[in-house]
Amino acid sequence: MTNFTLGKYVPYNSLIHRLDARVKLLSMVIFMVMIFFKFASIPMNFIVYGILFIFMYIIMRIAHIRLISLFNQMKPLWIMMLFLFVINILMPQSKDGNFFELWKGFKIYYISIINTLYIVFRLIIMLSLTLVLTSSTKPLELTGALEWYMTPLKVIHFPVHEIAMTISLALRFIPTLLEETDRIMKAQSSRGVDFEHGKFKEKINAVISLIVPLFISAFQRSDELANAMEARGYDPSAKRTRYRISKWKVKDTITLLITLIFLGGTICLMVFNVDLYALIMSLCA
């Protein structure tokens with residue numbers, strides 16, 4: 001639990017940290033859209049995923065985010081990925097294609113494995129994008145960026161500031177709740193609760209002994225936060241000013257242009273059915 005860094009701001013003076021929160025948020029959305037594009041062939045899809053991952057790895061290194069931090073976030077998802085793999089094998093989208101017979105009468109289609117790999121690669125890239133955003137952006141800056149993008153909705157009396165603040169508080173509560181979970185698990189373990197071994201019923205009782213105090217602690221923290229905000233005169237409907245005003249700089253424009261170049265390139269590859277894998281194989285032949 002202590003290795004979980006998603007949602008936790010890590011202070012550094014890197015180039016990524018100094019970027020405007022608005023450009024980071026917009027770039028994250030654009031890259032998340034790109035990973036769902038489909039290209040000319042299956043190898044071409046993985047080539048694009050590989051290029052995006054290499055680019056994200058460079059960004060993570062600039063932001064002082066270790067690769068091990070990304071894989072720590074993947075630990076809770078392995079069971080889900082295994083479940084999706086089993087579902088894809090049992091219920092393949094198409095039975096037209098190559099397959100291998102695992103045992104008598106049971107066929108595993110290659111398309112099922114490929115679809116699972118698509119999900120894994122997309123999850124890795126999406127988690128790396130979210131990790132970079134939350135680790136390099138202060139919660140207040142992220143709130144300001146969200147509110148800035150939703151400003152046009154004020155015309156229809158949409159509660160822009162309230163929604164932005166709610167999202168920001170939710171992101172901030174992720175590491176807090178994880179720290180609280182780790183603390184409760186250690187306290188329960190010291191009292192003889194075993195979270196790793198025992199029968200199924202014993203594991204259920206161990207989880208209940210963790211969930212109940214965690215919910216109580218979460219409600220207590222929420223109540224304390226609400227009281228603290230009220231004591232400081234927080235009024236979401238009042239006209240607000242900002243202590244720090246975000247300024248769009250040259251480096252933000254350059255970052256946005258690089259993101260748009262990536263977007264334009266992937267759109268061209270998709271629209272014109274460019275297959276780099278087939279081109280490389282033809283040149284090698």
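Buried means under 20% relative accessible area, exposed means over 50%, and partly exposed is in between. The exercises below apply these classes to a predicted model.

**Exercise 1. Helix H5**

Task: Determine which residues of H5 are buried, and where they sit around the axis of H5.

Solution.
Step 1. Helix H5 covers residues 78-90, 13 residues in total. From its first C-alpha to its last it reaches 18 Å, close to the 18 Å expected at 1.5 Å a residue.
Step 2. The residues Met-81, Asn-88 and Ile-89 of H5 are buried. They lie on the same side of H5, because the arc they cover around the axis is only 100 degrees.
Step 3. Ile-79, Phe-83 and Leu-90 are exposed, on the other side of H5.

**Exercise 2. Helix H8 and its end**

Task: Compare the span of H8 with the expected value, locate the kink in H8, and state what phi Gly-192 takes.

Solution.
Step 1. H8 has 31 residues, and its end-to-end C-alpha reach of 45 Å is close to the 45 Å expected at 1.5 Å a residue.
Step 2. The kink is at Phe-173, shortly before the proline Pro-175, and amounts to about 30 degrees.
Step 3. Just after H8, the phi of Gly-192 is positive, at about 100 degrees.
Step 4. Ala-187 also belongs to helix H8. With a relative accessible area of 26%, Ala-187 is partly exposed. Its C-alpha is 9.7 Å from that of Leu-210, with the two positions 23 residues apart in sequence numbering.

**Exercise 3. Salt bridges**

Task: How many salt bridges does a search of the whole structure find? For the pair Glu-180 and Arg-221, state which helices are linked.

Solution.
Step 1. The search of the whole structure finds 4 salt bridges.
Step 2. One pairs the side chains of Asp-20 and Arg-22, at 2.9 Å from N to O. Asp-20 and Arg-22 are both buried.
Step 3. The side chains of Glu-180 and Arg-221 meet in another, at 3.1 Å from N to O. This pair links distant parts of the chain, with Glu-180 in helix H8 and Arg-221 in helix H9 (residues 200-231), 41 residues apart.
Step 4. The two partners fall into separate accessibility classes: Glu-180 is at 6% relative accessibility and so counts as buried, while Arg-221, at 33%, is partly exposed.
Step 5. Asp-182 forms a salt bridge with Lys-186, and their closest N and O atoms are 3.3 Å apart. Both residues lie in helix H8, 4 residues apart, which is about one turn of the helix. Asp-182 has 16% relative accessibility and therefore counts as buried; Lys-186, with 54%, is exposed.
Step 6. Glu-180, Arg-183 and Arg-221 are joined into one network by salt bridges that share partners.

**Exercise 4. The loop between H7 and H8**

Task: Place Ile-156 in the chain, classify Ile-156 by accessibility, and identify the nonpolar surface patch that includes Ile-156.

Solution.
Step 1. Ile-156 is in the loop that runs between helix H7 (139-149) and helix H8 (160-190).
Step 2. Its relative accessibility is 61%, so Ile-156 counts as exposed.
Step 3. The nonpolar surface patch is formed by Leu-153, Val-155, Ile-156, Phe-158, Ile-163 and Ile-167. Together these residues have about 520 Å² of accessible area.

**Exercise 5. Positive phi outside glycine**

Task: Where do His-157 and Asn-273 lie, and what are the phi values of His-157 and Asn-273?

Solution.
Step 1. As a reference, most residues other than glycine have a negative phi.
Step 2. His-157, in the loop between H7 and H8, has a positive phi near 60 degrees. His-157 is exposed, at 74% relative accessible area.
Step 3. Asn-273 has a positive phi of about 50 degrees, and is found in the loop between helix H10 (250-271) and helix H11 (276-284). With 53% relative accessible area, Asn-273 is exposed.

**Exercise 6. A contact across the sequence**

Task: What separation do the C-alpha atoms of Trp-248 and Val-23 have?

Solution.
Step 1. Trp-248 is in the loop between H9 and H10. At 38% relative accessibility, Trp-248 counts as partly exposed.
Step 2. Trp-248 and Val-23 are 225 residues apart along the chain, and their C-alpha atoms are separated by 8.7 Å.

Key: Residues are numbered from 1 along each chain as its sequence is written. This is a predicted model: local features need pLDDT of at least 70, side-chain atom pairs count only at pLDDT 80 or more; totals for chains, interfaces and linings use all residues. Side-chain values use heavy atoms; hydrogens and water are left out. Patches are made of residues with over 30% relative accessible area and no salt bridge: like charges are joined within 9 Å, nonpolar side chains (Val, Leu, Ile, Met, Phe, Trp, Tyr) within 5 Å. Accessible areas come from the Shrake-Rupley method with a 1.4 Å probe; for residues, only the protein chains shown count as cover. Helices (H or I, at least four residues) and strands (E, at least two) are DSSP runs, numbered from the N terminus. Buried means under 20% relative accessible area, exposed over 50%, partly exposed in between (1.4 Å probe, protein chains only). The expected span of a helix is 1.5 Å times one less than its number of residues. The bend at a residue is the angle between axes fitted to the seven residues ending there and the seven starting there. The arc is that of the directions from the helix axis to the C-beta atoms.
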